[in-house]
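Reader: I am new to protein structures and would like a close look at one loop. Please show me where it sits, then work outward from there.

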Amino acid sequence: MDAKDMGSALDKILVTEEQIRTRTRELAAEIDADYAGKDLLLVGVLKGAVMVMADLARELHHPCEMDWMAVSSYGAGTTSSGVVRILKDLDTDIQGRNVLIVEDVIDSGLTLSWLVGNLKSRHPASVEICTMVRKPMAFNVDLDVKYVGFDLPNEFIVGYGLDYAEKYRNLPFIATLAPHVYDD
Ligand SMILES: O=P(O)(O)OC[C@H]1O[C@H](OP(=O)(O)OP(=O)(O)O)[C@H](O)[C@@H]1O
Ligand code: HPA
Ligand SMILES: [Mg+2]
């Protein structure tokens, strides 16, 4: 899919498919090196993280397992409610495991602050975070993010897993939406 297929819905492409691919390879190489000789459980945060998880996992040489959580704090809007709900919990007992949370975006940081606390209470060996996008507000919360794809400005973005009202997740790049989309 390219920008044309989305008609006038898109404003500008902030991160191209090629930039995502290159950065994913770099992150995977770092993760391979950091977890050498260690067990690794990737925990993807549904639904946004599906693309990052699928691409990152395939770039890793290190053997890993994958599990998923679904938590939601956004609903259909563009601002976080701050109230995090577990929609689906892990299937795996993470006690003693090295957990790497895989995310599409850290925006207010509220989702991950809550999630890290929740996972740490289960006594894993370690919990780290890998996100494709980090926004500036994430620096206002006490969150140690080890792997970051791109630091982007404080604009609402879609694509590569990121949605607006459940749409645009399947764009292979990351873009902003034209202002009229929010009014339609
Ligand atoms: O840092 P924050 O401000 O908390 O925002 C980031 C979270 O919000 C989005 O998920 P959302 O709740 O929209 O669910 P989704 O992944 O199904 O779209 C995104 O995938 C992150 O999980
Ligand atoms: O910019 C965003 N786009 C889509 N979903 C999001 N969830 C938090 N921030 C965003
Ligand atoms: Mg969302």
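Author: Start at H123, in the loop between α3 and β6. Those labels are DSSP runs numbered from the N terminus: helices are H or I runs of at least four residues, and strands are E runs of at least two. This is a predicted model, where local features need pLDDT of at least 70 and side-chain atom pairs count only at pLDDT 80 or more, while totals for chains, interfaces and linings use all residues. Residues are numbered from 1 along each chain as its sequence is written, and chains are lettered from A and ligands numbered from 1 in the order in which they are written.

Now the backbone. H123 has a positive phi of about 60 degrees, although it is not a glycine. Most residues other than glycine have a negative phi. Is H123 buried or exposed? It is exposed, because 11 other C-beta atoms lie within 10 Å. The cut-offs are these: 20 or more other C-beta atoms within 10 Å of a residue's own make it buried, 12 or fewer make it exposed, and anything in between is partly exposed, with C-beta atoms placed from the backbone.

Step back along the chain into α3 (110–120). Its buried residues are L110, T111, L112, L115 and V116. What covers them includes β2, β3 (65–72), β5 and β6. So the loop of H123 joins a helix to one of the strands that cover its buried residues.

Both neighbours of the loop feed the largest nonpolar core. Such a core is a set of buried Ala, Val, Leu, Ile, Met, Phe, Trp, Tyr and Cys residues joined through C-beta atoms within 7 Å. This one has 39 residues, of which L100, I101, V102 and C130 touch the most other members. At least two residues come from each of several elements, among them α3, β5 (98–106) and β6 (126–134). β5 gives the most, with six residues. In soluble globular proteins, nonpolar side chains tend to be buried together.

Take V102 as one example. Leaving aside neighbours within four places in sequence, V102 is in contact with L42, V43, G44, V45, A49, V52, M53, L56 and C130. Contact means that two C-beta atoms, placed from the backbone, lie within 7 Å.

Two other loops make useful comparisons. A165 is found in the loop between β8 and β9. Its phi is near 50 degrees, again positive in a residue other than glycine. A165 is partly exposed, with 13 other C-beta atoms within 10 Å. G159 is found in the loop between β8 and β9 too. G159 counts as buried because it has 27 C-beta neighbours inside 10 Å. Its contacts, leaving aside neighbours within four places in sequence, are Y168, L171, F173, I174 and A175.

The second loop, between β2 and α2, holds K47. A cis peptide bond joins L46 and K47, with omega about -5 degrees. Most peptide bonds are trans.

Finally, the whole protein. It has four helices and nine strands. The radius of gyration is 16 Å, close to the 16 Å that the globule rule gives for 184 residues, so the protein is as compact as a globular protein of that length. That radius is taken over C-alpha atoms, and the rule is 2.2 Å times the number of residues to the power 0.38. Of the 184 residues, 30% count as buried.
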